[in-house]
Structures are given as C-alpha cells and as structure tokens.
Amino acid sequence: MSASDMATSSDAQLARILSALDEDKAEEIVQIDLRGKSAIGDYMVICSGRSSRQVTAIAEKLSERLKSEMGVLTKVEGKDSGDWVLIDTGDVIVHVFRPEVREFYQLEKMWLQGHEAAQATKS
C-alpha cells in the first residue's frame, strides 16, 4: 500500500468515526492529528459519553460499524468498566470517556499544542 493509499485509508476511517460518534450522541468530540508527532497512529479522537452505559454503547457500535462497513478490525480495551474505552483501528485511536474520567486524565492537553489545547478545552 502506498503512502497516499494509507493516508486515504486513515482519512476515511477518521471521517466515518467522527460521523458515527455524532450519530451516537457522543459529546465534546476532539480530533488530534498525530501524523509527524507519533507512530501510534495517524489520528486520535477523544469524546465523552454521559454515563458508563453510553460510553460502552458508543464503543460497541463504533467497533461494529467499522467492521461491517469498512472491514476494519479494532482492538477494544476498557469496555467492562465503561469509564474509559479505547478503540484502536491501527490508524485511528479513539478514547471514549465518562466526563469525570476525561477531566482527570486530560489527554487533550498532553497531545495538543498551545492554542489548540486552549480551543479544545473551550468547546
């Protein structure tokens, strides 16, 4: 697969992930471009669900959609507790948090630079 095919693949995954999160009423969705910053993936997406049940449901639906619609197999961690679920597609890493847990870990501040972090915390 060429570099441009890989970029298209991760861009397509990102677009579908953002759409699915919006459809499932995820809150405070933030996307972070990791290209050139880290080898763990091309993008990171951070969002919140209102309860443990919603966090788990968002993660399950997202994983199912990616598999059925795009043939993307995901690795999922943390689904049992529903506080923080990580979905890894290989190209895009999605963190779904309960609001209190998200506030505690503040991943946006760790990955975003200067004014980007300030903008992410305002939205």
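The following paragraphs lead the reader through a predicted model, from its confidence to its sheet and one of its helices.

The chain has an average pLDDT of 87, and 85% of the residues score at least 70. Confidence is highest in strand β5, at 98, and lowest in helix α5 (residues 114–122), where the mean is 49. Residues 1–6 have a pLDDT below 50, and beyond near neighbours in sequence this stretch has two contacts in the model. Statements about α5 and about residues 1–6 should therefore be read with the threshold in mind that local features need a pLDDT of at least 70.

The sheet comes next. It is open and is formed by five strands in the order β1-β2-β5-β4-β3, with mixed pairing. At its edges lie β1 (27–33) and β3 (75–77), each of which pairs on one side only. From one strand to the next, the twist averages 15 degrees. Within this arrangement, strand β2 (residues 43–48) pairs with strand β5 (residues 92–97) in the parallel sense, over six bridges. Val 45 stands opposite Val 94 in β5.

Attention now turns to helix α2. This helix covers residues 52–70, 19 residues in total, and spans 27 Å from its first C-alpha to its last, close to the 27 Å expected at 1.5 Å a residue. The buried residues of α2 include Val 55, Ile 58, Ala 59, Leu 62 and Leu 66. Gln 54, Thr 56, Ser 63 and Arg 65 are also among the buried residues of this helix. Just after α2 comes Gly 71, which takes a positive phi of about 70 degrees.

Notes:
Residues numbered from 1 in each chain as written. Predicted model: local features only at pLDDT ≥ 70, side-chain atom pairs only at ≥ 80, totals over all residues. Heavy atoms only, no water. Pairing = 2+ DSSP bridges. Helix = DSSP H or I, 4+ residues; strand = E, 2+ residues; numbered from the N terminus. Axes fitted to C-alpha atoms, helices over the stretch in contact; angles between N-to-C directions. pLDDT = per-residue confidence, 0-100. Contact = heavy atoms within 4.5 Å. Expected span 1.5 Å × (residues − 1). Buried < 20%, exposed > 50% of the residue type's maximum accessible area, 1.4 Å probe, protein only.
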